[in-house]
Structures are given as C-alpha cells and as structure tokens.
Amino acid sequence: MKTFAETDIADVVIIGSGAGGAPLAAELARNGKSVVVLEAGPAFSAMSHTPDEVAARELYWLHERLSAGTNPQAFGGNNSGTGLGGSLLHYGAFMPRMDARDFHLHTETGKGVDWPFGLDELLPYIERVESFIGVSGPAHYPWDPDRRYAYPPPPANSAALKMREACDALGLRHADGPAALITRDIEQPHFGTRHACANCGACHQGCRNGAKSGTVNTWLPMAVAYGAELRPGCFAHTIERDSSGRVSGVVYRQDGLEHRQKCTILVLAAGAVETPRLLLTNGLANSSGQVGQNYMTHVSTQVWGEFDEDIRPNRGYPSLTITEDMMRPKDADFVGGYLVQSLGMMPATWGQNLARGTTTRGPAFARALAGYNRSAGMGINGECLPRPENRVTLSNEKDAFGIPKPLIEHSYGPNEWAMHHHAARLLTQMWEAVGAKDIRVIDRAAHMIGTCRMGTDAGSNVVNPVGRSFDIDNLWISDHSIFPSAAAANPALAIMALSLRTADAMLKT
C-alpha cells in the first residue's frame, strides 16, 4: 500500500471507511487523486471473525453515547461499527432499493422533507453499486419487474419459509429479498477470490469467506490498488483551517500519539452521529443551525411467534423473504410506508431484543427464552419523519480523548406510533394465520439517519445536493447524515450510491 508523509498535502482525506467513505476513496484514487482514509477502528482479518456473539462485539462502535428521549436507542451492534469497512463488517446485508415515492414524501403528503432529486438521478449509481459489490435477488421482483440481479438468492431458511406461508394466508405478495452477498465463487477485482455464501447465518458477526459484500472486500481493495492509503486506529478529533477559513488538515490520535495530516479537501464519512459530533466539536459548517438536527431512525417493529416445530432461527441467511405491499397501505393512518422482512437471529441478540422490547420478566421470560429454537420473526423498516425533538448534540461528559460525548435524543411522534401499531396488528395477524403461539411484539428502532441534511437552500441545510458544505467549499460529507428523509429501505445501498455520485461531483470541481 502506498503511504503518505504527514508533511504531504493529500488531495483528499476521508474520515471513515464504511459505505460512505470507501466508494468515494476508490473512485477518487482511480482518477488519480492522492487519498488518505482515516479509520478509528482496527484492521480485522476475515479469518478472525467468529459466530460467537460476545467475541463479535469487537466489530461494534462501543465508544459511549448518551441516549435520551421517550424512545432512547440502544447503540453498539444495533447501529454502527468500527474497523476498516465500518458497519458493513457486521450488517445483515439486507439491501432493498429506496422506493421512488420516498424521494418526494412532502410533495406527496405535505409531511416530511423531499430529497433534492428523484430515484431517476440515483438509479444509475445504485446499479453500479449492485454490479460491483455483488447483490443477489429473485429473477422476478414483483414491485419492480424490470429489475435484475446478477446472483440468484441463497436458500430460504425456516423463518423465511414461514413468512411466505403467512403472506399467502393474507394475500400479500412476497419474494426473495435483495441481499448483498454472492451465491457463486467469483474473482473480485483487486481483492481475489470471494467464495459463495455458505448459509451459515452469522452475517452479523462478520463474514469469513468473503461472500457478504462489504467495503473491505470491494471498494477498499480497489482504493488501495489505485494508490490510496488506509490508516486504521486513527481517531480524528480536530479539523484545522487556514487564514481564509478553509480546511487545511486533520489532527488524529493513533497509538496514544497526536498526528496531523494536511489536505486540500476533507470528507466526513463517519455516520449520522460522529459526523455532526466532529462538526459541533470544531464549530464548523453550521451557519444554518442544522448540524445535529433532524435525527431519524427506521421504525423497526418486530413480531415473533413460537411454533410447534423447530425453526432454528440461527440457521441460514437471516432475512430472505420480503414484501413491499405495505409501502403505501390503503388503510394507513400515517404517511409513508414500510417493508416487511423475515427474521432469523442468533440467540443472545434475540434474548436481548426480547428483554429490551417487551415487559416479559421472571419465569415467563425464562419460558420465552426456552422457546428460541421454535421461534420465527418478521420485522419492518418504516419511514420516520424529522422532528425538532430528535437531534444529536454535545453532552457535558467527556470521553477518553477529552472530546464531549454525543447526546442522541430520540422520540417517536404520532406518525411513527401509528406505523408501529399498524405493523404490529398486521404481523400478528400473519403469524396467527399460520398457527403461531406466544406472539410477542417488540418495539424497536434501527439505523441512524439525518443530522447534516442536504438540500438546495443554505439556510435550512448543511450541504448541497452533492454533499458539499455551504459554508466551507473544501469540506464535504458522504454518509447517511445527509439524507433529507429516512425512507423505508435499509440505508447502505443509498449511502454507497450517493458516495459514487459525490465522487463524480468532486472530480468535476
């Protein structure tokens, strides 16, 4: 790997190596830019990944975050990761596309915020991402018949098959969900052999054979091949500026020592909590007052049922069946919509969700845990509206680096509660239709979205529609903090697509 001296002025420094930073690094390096990627976490070996849930916590961002609001979020494995590759090291690889209507929610309903462009603008980048990293899916996708996937889906596990029975019982369409994994061996450019998915079910604990499509086996090797430097173990905390107010460098801590990397352009790709935290700590790019505001999640209600036969929910790819029939329900008392996916889950994670999301305790909780092997779940990803109450600010507590810890306030509003109750009723009916017993509804929110919104108006947004700061022309953001709305799809695909789009824009400046 090519390396740069601290005295060198890199064309671009990128903070973060996940879905937002890695595609950008690869594209800029491929086009001749000198690129340095700073990653707070370590570089992991794929062979060190283990299905052991406790050991796999090393992939989670475990720096303390303060969580508040009437629906405080659990962090760690639920939302973000650490290490070269970011949260895609342990994400579940469920990769639906955004619905075209979700780009224009405000135009459609008068609620929420529109994106400054539509699906037609982002679709070419979405297709580039799917083609390069490898995404599997069905030959026919009922909600988008023209869509094609390069790899057939993996075998359905028992939870996925149960959800299909439930969909059929209520007359809902279903399909194999898009999954960011390959189902045959391939030679990945700049990486080497990636083996087909072994259907082991340990996606959230890291993938040992390269089947899961992250950045560590796709974009990052490409970036290195074209001359980018990846620096793990580097916690960036200070953004330096020159006399004109433009960014001139980044100060970071590595192995207990302070280092400085000069740069011509700085890109923040640290996620919807750490990106605004950096800006707020340094007092940057906030003339709009919107840095840290508009924090959103996904309504991620889960409903689990217990069956007479063994399900073994830890086996097989966890989330294969999908229905998008609820993207705009006819009986909705909320705006937007949600998709539904089948859920398999490792036992410790399942037990934690049960403890956090239900009031079951004591002997009843022990009995519930004993039913794990016979349990199957369904969960939703649903639209969340931006609200003033939901935001990321700096707390009065300092972390080990002397930096204020982030305080994340998160509360459902009427729209989110209405969606939760709608989904709880529907998914309960689905499980009842196929004979499930001891049905349990788990109130849950997932993902972190918003906080540095993009748009056309500098007075109400942090960056323009390609991710460039309105305040500082050589500061860019490339992650899910710039999403104007949550939409209803898992964010990883859109983050990578936006990253490629931002790279194109940067190369034209």
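In this predicted model, the contacts of C452, leaving aside its neighbours within four places in sequence, are with T275, P276, L279, V291, V462, V463, I477, S481 and I482. C452 is found in the loop between β19 (445–451) and β20 (475–477), and its relative accessible area of 0% places it among the buried residues. By contrast with these contacts, the C-alpha atoms of C452 and P318, which are 134 residues apart along the chain, are separated by 32 Å.

Helix α6 comprises residues 271–282, a range that takes in T275, P276 and L279, and these three residues are buried in the helix as well as being contacts of C452. The helix is mostly covered, with ten of its twelve residues buried; besides the three just named, the buried set includes G271, A272, V273, E274, R277, L278 and N282. At 1.5 Å a residue, the twelve residues of α6 should span 16 Å, and because the end C-alpha atoms are 16 Å apart, the model agrees with that expectation. Just after α6, G283 takes a positive phi of about 65 degrees.

Aromatic contacts were examined next. A search of the whole structure finds twelve aromatic pairs. Among them, Y141 and W143 have ring centres 5.1 Å apart and planes at 70 degrees, an angle over the 60 degrees required, so the pair is classed as edge-to-face. Y141 is itself buried, at a relative accessible area of 0%. The rings of W304 and W350 are likewise paired, with centres 6.1 Å apart and planes at 75 degrees, so this pair is also edge-to-face. Since W304 lies in strand β12 (residues 302–306) and W350 in helix α7 (residues 347–357), the pair ties together parts that are 46 residues apart in sequence. Both partners are buried, W304 at 1% relative accessibility and W350 with a relative accessible area of 3%.

One aromatic cluster is formed by F103, W115, F117 and F483. A member of this cluster, F117, also has the charged end of R501 sitting over its ring, 4.0 Å from the centre. A further arrangement of this kind involves R65, which lies over the face of F75 at 5.7 Å from the ring centre.

Two annotated spans were also considered. The UniProt record, an unreviewed entry, lists "domain: FAD-dependent oxidoreductase 2 FAD-binding" at residues 11–48; in the model this span is 26% helix and 24% strand, and its end C-alpha atoms lie 34 Å apart. The record also lists "domain: Glucose-methanol-choline oxidoreductase N-terminal" at residues 117–299, a span that is 26% helix and 25% strand and whose end C-alpha atoms lie 24 Å apart.

Taken as a whole, the chain contains ten helices and 20 strands. Its radius of gyration is 22 Å, close to the 23 Å that the globule rule gives for 509 residues, so the chain is as compact as a globular protein of that length. Along its principal axes, the C-alpha trace spans about 70 × 50 × 50 Å. Buried residues account for 61% of the 509 residues, and of the contacts with a separation of 6 or more, 74% are between residues 24 or more positions apart.

How values were computed
Residues numbered from 1 in each chain as written. Predicted model: local features only at pLDDT ≥ 70, side-chain atom pairs only at ≥ 80, totals over all residues. Heavy atoms only, no water. UniProt positions renumbered as here; feature names shortened; annotations may be inferred. Helix = DSSP H or I, 4+ residues; strand = E, 2+ residues; numbered from the N terminus. Phe/Tyr/Trp six-rings, centres within 6.5 Å; stacked < 30°, edge-to-face > 60°. Buried < 20%, exposed > 50% of the residue type's maximum accessible area, 1.4 Å probe, protein only. Lys NZ or Arg CZ within 6 Å of the ring centre and 35° of its normal. Expected span 1.5 Å × (residues − 1). Rg over C-alpha atoms; globule rule 2.2 N^0.38 Å. Contact = heavy atoms within 4.5 Å.
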